[in-house]
Amino acid sequence: MLVSILRYIKGSVRFTATGNSPERLLNLAAARGVPLWNPQPVEGGISAGMPARDYRAIRPMAKRARVRTKVTNKRGLPFVLRKCRGRAGLLAGAAAGVILLVVLSQFLWSYEIVGANHVSEQAIRDVLAQNGIVQGVSKASIDVEQAERASLRKLDTLSWMSVNIQGCTACVEVREKDKKPDIKSLNPANIKASRDGVIKEIRARQGFTQVQKGSGVIKGQLLVSGINPTKQGGTRYVRADADIMAEYTEEKSLNLPKQFDYYSISENKIDRRRLKILWLELPASLSFGGFEHTAYTFREEALQIGGKTVPLSLRTETACELTLQTVSLSKAQAERVFRRHLLLMELFCQPDTKVVNRQITVKETKAGYSCTAICTNCENIAQTAEFSVTE
Amino acid sequence: MKKKLPAVRLDLGTAPLIEMVGNRRITVEGSTGILFYETGCIKLSAGNMVLSIEGRGLSLHCVSGSCVEVEGFITKLEFLS
């Protein structure tokens with residue numbers, strides 16, 4: 001194999017020697033140290049291979065051996081290069097390609113994160129970027145161990161990280177920390193009211209109920225006791241567990257101006273594309289102009305070949321015009337706005353609370369509208385309060 | 001006292017060294033030239049003798065100044081002179 005490669009690089013010819021005594025040519029070549037390989041008898045002579053540059057050397061020997069030589073095959077790099085002699089651009093392109101390959105292989109083209117199920121990949125990428133692992137960075141400048149240590153220190157949710165650089169890509173393997181299991185306390189506890197209200201339902205699973213359905217309770221009142229005096233005169237302590245559903249009223253208010261300004265996204269948009277090659281960004285579209293007030297969105301599409309991301313991506317920046325709009329609210333519109341506000345409040349701030357009744361009043365004032373809602377809510381007011389047995 | 005051994009009087013300096021691997025390969029060291037080359041018969045000059053190798057599909061595998069390697073199905077090896 002190695003010999004074949006060397007022969008290809010140096011170039012070889014196969015020739016046929018015909019005459020009375022072609023064997024003599026073999027003897028003369030061997031005696032003068034001209035290497036001949038694979039000599040084969042052919043009709044009227046001998047065929048053999050030899051290095052291209054030695055072919056001229058056998059001409060005097062052929063004359064002496066009274067044989068005629070004829071090249072039958074030429075093979076090797078010198079002959080290929082000779083064909084390309086008049087095409088300097090081709091050779092320059094090939095050389096530029098090789099140089100480009102060597103230069104580009106010194107950089108990190110892309111990296112993927114494996115094992116991040118609950119932790120944000122973007123958060124990990126941001127921390128890695130702070131520690132020198134970013135697309136387009138020189139591989140020589142990456143201190144893998146330092147980056148791993150520094151990233152782990154910043155990301156509390158990860159327990160392990162390994163940065164494996166393979167060629168021009170890297171695989172960042174992470175392991176998330178296991179969540180602490182919920183350890184149920186076994187200490188004796190009472191159930192107290194978390195707020196004022198009227199009890200509508202009692203579901204006691206453990207403990208001794210101190211209130212009844214329909215009772216009015218105040219915040220901090222004992223609802224289910226964890227202390228039970230026994231018939232023998234002693235005391236039994238348990239951890240009270242119950243759901244106490246109680247109704248209570250709550251007042252919510254919101255002041256809305258009659259007229260207000262806000263920015264809305266209009267239909268006018270400008271797309272600007274930029275071609276990103278490693279760290280280099282080149283404009284790929286001609287979009288000029290701008291707006292007075294603009295909101296930007298970014299989208300980046302990277303080229304993938306064979307499942308591997310190559311350092312060529314198209315970054316699209318969309319500039320959306322923001323227009324200032326003035327809105328005047330009528331009383332009905334103010335009520336609709338307030339109703340939506342209430343619904344959002346209930347959805348995000350009180351997800352476990354059931355609204356039984358809601359009375360909305362909207363009053364027009366000089367400044368705007370004063371919206372008030374009196375809500376009757378029903379929720380679980382049971383609050384576990386542990387106590388020490390020694391008290 | 002040690003006895004003197006008689007000196008070996010054979011002169012092997014010019015004799016060829018012939019090495020055979022089965023009947024498929026023969027290496028002749030000390031060959032001075034190829035006299036005849038065909039697939040059925042190869043004749044080699046080896047000092048003061050001519051070595052004739054007969055067989056089927058014979059070919060010269062390696063030819064150098066003093067060594068010839070023949071491969072093929074060798075059926076007969078003959079010293080002609």
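Which strand of chain A does Asn38(A) lie in? The answer is strand 2 of chain A, and the close-ups below start there. Keep in mind that this is a predicted model.

**View 1. Asn38(A) and Arg66(A), a pair of non-glycine residues with positive phi.** Asn38(A), sitting in strand 2 of chain A, has a phi near 50°, a positive value even though the residue isn't a glycine. Is Asn38(A) buried, exposed or partly exposed? It counts as partly exposed because it has 14 C-beta neighbours inside 10 Å. Arg66(A) also isn't a glycine, and its phi is positive at about 55°. Look for Arg66(A) in the loop that links helix 3 (58-65) to strand 4 (67-75) of chain A. Arg66(A) has 12 C-beta neighbours inside 10 Å, so it goes down as exposed.

**View 2. Helix 1 and helix 2 of chain A, and how much of each is buried.** Helix 1 of chain A spans residues 2-10 and is hardly covered: zero of its nine residues are buried. Right behind helix 1 of chain A comes Gly11(A), with a positive phi near 90°. Now turn to helix 2 of chain A, which is largely enclosed by the rest of the structure because eight of its ten residues are buried. The buried set runs Pro22(A), Glu23(A), Arg24(A), Leu25(A), Leu26(A), Asn27(A), Ala29(A) and Ala30(A). Just past the end of helix 2 of chain A, Gly33(A) picks up a positive phi of about 75°.

**View 3. Where chain A meets chain B.** Eleven residues of chain A and twelve residues of chain B make up the contact. On the chain A side, helix 2 (22-31) and strand 2 (37-42) each put in at least two residues. Which element of chain A gives the largest share of that side? That would be helix 2 of chain A, with five residues. Sorted by class, the chain A side of the contact holds seven nonpolar, three polar and one charged residues.

**View 4. The largest nonpolar core, centred here on Leu25(A) and Leu26(A).** This core has 31 residues, and Leu25(A) and Leu26(A) touch the most other members. Its largest share, five residues, is supplied by strand 5 (residues 49-63) of chain B. Setting aside neighbours within four places in sequence, what does Leu26(A) contact? Its partners are Leu36(A), Pro39(A) and Ile46(A), plus Ile34(B) and Val63(B) from the other chain. Another core, of 14 residues, lies apart from this one and includes Trp109(A), Tyr111(A), Ile124(A) and Val163(A).

**View 5. An open five-stranded sheet in chain A, with a helix across it.** The strand order is 11-9-15-21-20, and the pairing is antiparallel. Strand 11 (216-217) and strand 20 (354-364) of chain A are the edges, each pairing on one side only. Inside the sheet, strand 15 (residues 241-257) and strand 21 (residues 368-380) of chain A run antiparallel and are joined by 13 bridges. To follow one of those pairings by eye, start at Glu250(A): its bridge partner in strand 21 of chain A is Cys375(A). As a reminder, strands of a sheet pair through backbone hydrogen bonds. Helix 8 (residues 331-349) of chain A lies across strand 15, strand 20 and strand 21, and runs at about 150° to strand 20 of chain A.

**View 6. Val327(A) and its contacts from elsewhere in the sequence.** Val327(A) belongs to strand 19 (residues 308-328) of chain A. It's partly exposed, because 13 other C-beta atoms lie within 10 Å. Leave out neighbours within four places in sequence, and Val327(A) contacts Gln259(A), Phe260(A) and Tyr262(A). Take Tyr262(A): 65 residues separate it from Val327(A) in sequence, yet C-alpha to C-alpha they are 8.0 Å apart.

**View 7. The two chains, each on its own.** Chain A carries eight helices and 22 strands, while chain B has zero helices and six strands. Of the 391 residues in chain A, 17% are buried; for the 81 residues of chain B, the share is 25%. Among contacts with a separation of 6 or more, residues 24 or more positions apart account for 66% in chain A and 33% in chain B.

Conventions. Residues are numbered from 1 along each chain as its sequence is written. Chains are lettered from A and ligands numbered from 1 in the order in which they are written. This is a predicted model: local features need pLDDT of at least 70, side-chain atom pairs count only at pLDDT 80 or more; totals for chains, interfaces and linings use all residues. Helices (H or I, at least four residues) and strands (E, at least two) are DSSP runs, numbered from the N terminus. A residue is buried if 20 or more other C-beta atoms lie within 10 Å of its own, exposed if 12 or fewer, and partly exposed in between; C-beta atoms are placed from the backbone. Two residues are in contact if their C-beta atoms, placed from the backbone, lie within 7 Å. Ala, Val, Leu, Ile, Met, Phe, Trp, Tyr, Cys and Pro count as nonpolar, Asp, Glu, Lys and Arg as charged, and the others, Gly among them, as polar. Two strands pair if DSSP finds at least two bridges between them. Axes are lines fitted to C-alpha atoms, for helices over the stretch in contact, and angles run from 0 to 180 degrees between N-to-C directions. A nonpolar core is a set of buried Ala, Val, Leu, Ile, Met, Phe, Trp, Tyr and Cys residues joined through C-beta atoms within 7 Å.
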